[in-house]
Every structure is written in structure tokens, then in C-alpha cells.
Amino acid sequence: MLDNNLKDKTIVLCVCAGIAAYKSVEVLRLLQKQGARVRVIMTQGVKEFIGSLTFQVLSGNPVFTTLFDKGEDSSIRHIEWAEEADLVVIAPATANIIGKIANGIADDALSTFMLAVKCPVVVCPSMNTYMYENRAVQRNIDILEGDGFTIVEPGTGELACGVTGAGRFPEPRFVVDRIINCLSPKDLLGKKVLITAGPTREAIDPVRYISNHSSGKMGYAIAKIAEFRGADVTLISGPVHVESPLNVTIIPVLSALEMRDAFLSGLDDTDIAIKVAAVADYRAKQTADHKIKKNDDQMIIELEKNPDILKEAGMKKKHQFLVGFAAETRDLVENARKKLDAKNLDMIVGNLVGDPSSGFGTESNTVTLFYRDGKKESLESMDKEQVAHVLLDRIMARIRER
Ligand code: PMT
């Protein structure tokens, strides 16, 4: 499961000379939080920015800085560490180390170690914008990408040198996210997955709307895990405050009608469609152009039915594996089964809402999976990312059986 994704993995963190080197400490801590064993290699230059003792104490291992360390095994350490690594991350990666690795130069501990590495490598270029945009540096980055290295795009903004542009060290949590991604099995490779998440908002007037409590967490978790597992993911999202998963195409929408257009136009090109969004069943028949003033004691808003997006998709679907979610406050089994049939779904995920550990806004969810053939499977309460893993496992198993 995700929390333990790096459990017992050996990660070699390579730190090069850049002002952002202090952020590698945060990367180290986050990797350890995920259960990884971390070893650190530093270039000579980075010692001007940060001491090796920091990395030594935090990693609990000697730090490898020169091929000629006095340690008893130092002469072969670059080979041993390369053999034992599950993944290598170079963060920050300077123009110098990128150029050396791209061209097979081995003239210090880090570049020599890199020639012996066989596991996946994540490279986080981090430097001044002009240097990053330099054609030679871009050419070398392209070579690394072509050689199968994962490049984490640097952030954009004001750099320590005062220039504004690309070249910032990415957020440490993004670096760790890409590391977990790199080590995740890619069983969804080649699959196009379309997901909806969050609530819809149905305007009453320019300042008021009808909506619900969906936070988007469940749908975003599925999008993130599907991307980790190699899928090409599009996420149609109502208004939420959840961090966007990396490398996922996000289509923001507000109303059910906008969600319908986006979902149905993406459906043909999709292998797996998962509709997690809590769509408002009704919208105001008329949206006022200006803020409605309070006059009478009572106010009546006339509502009209929104289209049932999933039902339309169920009628249109051909090869797609179509999954719905059912949020219920009671009679989960009956209501979920009714929706599965009415919407012509392959699977529906039922969850009781209103429970503190399940449904709207929570970190965890307690779900029951209902299948087209009448089978059902109740899962214990788990983290929404873990629910996403199990759900994708079950979907892939059913697709393989087809
Ligand atoms: O976002 P979170 O805070 O993490 O909460 C997650 C969740 C509780 C929203 C999620 O787990 C969930 O249950 N989503 C479905 C909520 C819902 O609207 O269920 P429903 O029973 O009303 O709809 C059934 C299915 O039809 C859903 O897949 C829904 O997207 C779809 N639908 C509903 C109405 C409509 N007009 N068009 C639709 O496509």
C-alpha cells in the first residue's frame, strides 16, 4: 500500500553544488518517512553550501564524497552502492553533473558512481534560468531523458540569484512523489482513464449556488494512483481545494452541464471511466443576473433536473469499463444495485456518507464494490489512496477476464 511504498527500498540521494542543496535535507526526511533507507553522495562543491555531517547524522550512514575516502571499503563503495540502490535521485542536479552523466564522464565520486548505476534515476535540474535554458544544458537533459532517466521539471519563480524564471528546486514532496511513481508497477500503462471528482455548483445568482460537501479527495486519490500505475489520466474536476496530482490533465468545471460536456466528449477515447463526482441532481431553472435581494419572508427557487451524466454514458458506452460511485445515507446495497442497473455500469462503489471515517471530506473511506454479475465485496475502512489501489486492482482484474 502507498504508505509503505518505499518501505525497505534503498535510495541514493546525490546532492550537487547549488544554493538549493539545503532542500535535499527535506527530501531525505520525506523519503525516510516513507520507510526508505537513504544513502547520500555529495560533490566536493556542495560542501561550500552545506556540511556532510548534516546528511551523515540524518541518514545514519557515512556520506560518500570522494573516491579516495579513508574508510576501509571506500575504494569499491561506488560499485556497492550502485548495486544495492533501488533508485537514485540527483537533487539538486547542476548543469555540470547533467553534462558529465550525459557524456559518460567519470572524474569524481558522483559521476563515477553514476556509470555503475543500473536502477531507475530521477534527476532534478536546479540552476539559474539562463543556465537552464542554455542549449547545451537542454541538449544534455534530452540525452538523459532518452537514456531513460526521469527528469523532474524545475519550478518557476524568483531564484536566489534574483532572476525570475525556470530553475527552482521543485517542492521536496513533488520529488518524493516522482520517486514513488518511478518505483510503482506500471500495470495501467497504455490505459486512458477518465475520472470526475468534487462537487458541481449550480448558480442561483452571481453570489449564491447549490452544491454539496464533496471535497474531491476520493476522485483525486484515484487520479493520482492511476497515474502512478502508468495510466494516461484526465480528471474533470468541480471546484475543490485539493492539490493537483502531477502529470494528470485537469479539466476544471463548475456546473453539471459543464461536467456533462467534458465527460461525454472524453468518453469515446477512454478505456476506464470512473465517476466519483457528486453531481447536483437539480439546478435553478433561472439564474438571476444580479444578486437577489431579500424581500419576503419566504423565497421559492424553482429547480429543474440536471441530466444524469453517468446514465447517458452507460447508454453510449462500447468498450469502456464504466464505474460509478453511490453516496448513500441508508439502504446502501439496494440503492447501489439499483444505480448499477439503471446506469448500465460495470461496477459501482457504494459508500455510506455521514460517518466520521467515510464519505465526504474524510481521509479514509469504507466502501463496498458491486459488480455487474451480482457479486459484491466489502472493504475495510482505509485511506482513500489505498481504496484507489484496491479499486484499480479490481477493475484491471475484470478487464483481463473480458
Ligand atoms: O469528494 P470526497 O469528499 O472525497 O467524497 C467522496 C464521495 C462521497 C463524494 C464519493 O465517494 C462518492 O460517493 N461520489 C458519488 C456521489 C454521488 O453523487 O452519488 P449519487 O448516488 O448521487 O450518484 C451516483 C453516480 O451517478 C455517481 O457516480 C455520480 O457521479 C453519477 N451522477 C449522479 C447524478 C447526475 N446527475 N449525474 C451523474 O453522473
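Which residues of S19 point one way, and which point the other way? Let's keep that question in hand while we get our bearings. What you have here is a predicted model, so everything below is read from predicted coordinates.

Start with the whole chain. There are 402 residues, and buried residues make up 50% of them. The C-alpha trace spans about 80 × 50 × 35 Å along its principal axes. Counting secondary structure gives 13 helices and 21 strands. If you look at the contacts with a separation of 6 or more, 67% of them are between residues 24 or more positions apart.

Now back to the opening question. Val367, Leu369 and Tyr371 point one way from S19, while Thr368 and Phe370 point the other way. This fits a simple pattern: in a regular strand the side chains alternate between the two faces of the sheet. In S19, the residues pointing either way are all buried. Put as a count for the strand, which covers residues 367-371, that is 5 of 5 residues buried.

What pairs with S19? Strand S17 (residues 347-352) runs antiparallel to S19 and is joined to it by 5 bridges; in one of these pairings, Asn351 has Val367 as its bridge partner. Strand S20 (residues 376-378) is also antiparallel to S19, with 3 bridges between them, and here Thr368 is partnered by Ser378. S19 and S20 form a hairpin with 4 residues between them, and Gly374 in that turn has a positive phi of about 95 degrees. Tyr371 has one more feature to look for: the charged end of Arg398 sits over its ring, 4.0 Å from the centre. You can find a similar arrangement at Phe174, where the charged end of Arg173 sits over the ring, 5.0 Å from its centre.

A parallel arrangement is next. Five strands, in the order S2-S1-S3-S4-S5, form an open sheet with parallel pairing. Strand S2 (37-42) and strand S5 (150-151) stand at the edges with a single partner strand each, so one side of each is left without a neighbour in the sheet. The partner of S2 is strand S1 (residues 10-15), and the two are paired in the parallel sense over 6 bridges. Within that pairing, Val15 finds its bridge partner in Met42 of S2.

There is another hairpin to visit, formed by S9 and S10 with 2 residues between them. Strand S9 (residues 202-205) and strand S10 (residues 208-210) are antiparallel and pair over 3 bridges, and Glu202 has Ile210 as its bridge partner in S10.

Turning to the helices, try H11 (residues 309-316), whose buried residues are Ile309, Leu310, Ala313 and Gly314. Why do they lie on the same side of H11? They cover an arc of only 135 degrees around the axis, which puts them on that one side. Among the elements covering these buried residues are helix H10 (256-267), strand S13 (272-275) and strand S16 (321-328). At the start of H11, a side-chain oxygen of Asp308 comes to within 3.3 Å of the backbone nitrogen of Leu310.

Helix H6 (residues 129-133) offers a closer look at one residue, Thr129. Is Thr129 buried or exposed? Its relative accessible area is 4%, so Thr129 is buried. Its side chain reaches the backbone oxygen of Ala166 at 2.9 Å. Beyond its neighbours within four places in sequence, Thr129 is in contact with Leu159, Val163, Thr164, Gly165 and Ala166.

Finally, the aromatic rings: the structure holds 1 aromatic pair. The ring centres of Phe64 and Trp81 are 5.7 Å apart and their planes are at 70 degrees, so the pair is edge-to-face. The pair links distant parts of the chain, since Phe64 is in the loop between helix H2 (52-59) and helix H3 (77-84) and Trp81 is in helix H3, 17 residues apart. Phe64 counts as buried at 0% relative accessibility, and Trp81 is buried with a relative accessible area of 5%.

How values were computed:
Residues numbered from 1 in each chain as written. Heavy atoms only, no water. Buried < 20%, exposed > 50% of the residue type's maximum accessible area, 1.4 Å probe, protein only. Polar contact = N/O pair within 3.5 Å; in protein donor to acceptor, adjacent residues only side chain to side chain. Contact = heavy atoms within 4.5 Å. Pairing = 2+ DSSP bridges. Phe/Tyr/Trp six-rings, centres within 6.5 Å; stacked < 30°, edge-to-face > 60°. Lys NZ or Arg CZ within 6 Å of the ring centre and 35° of its normal. Arc of directions from axis to C-beta.
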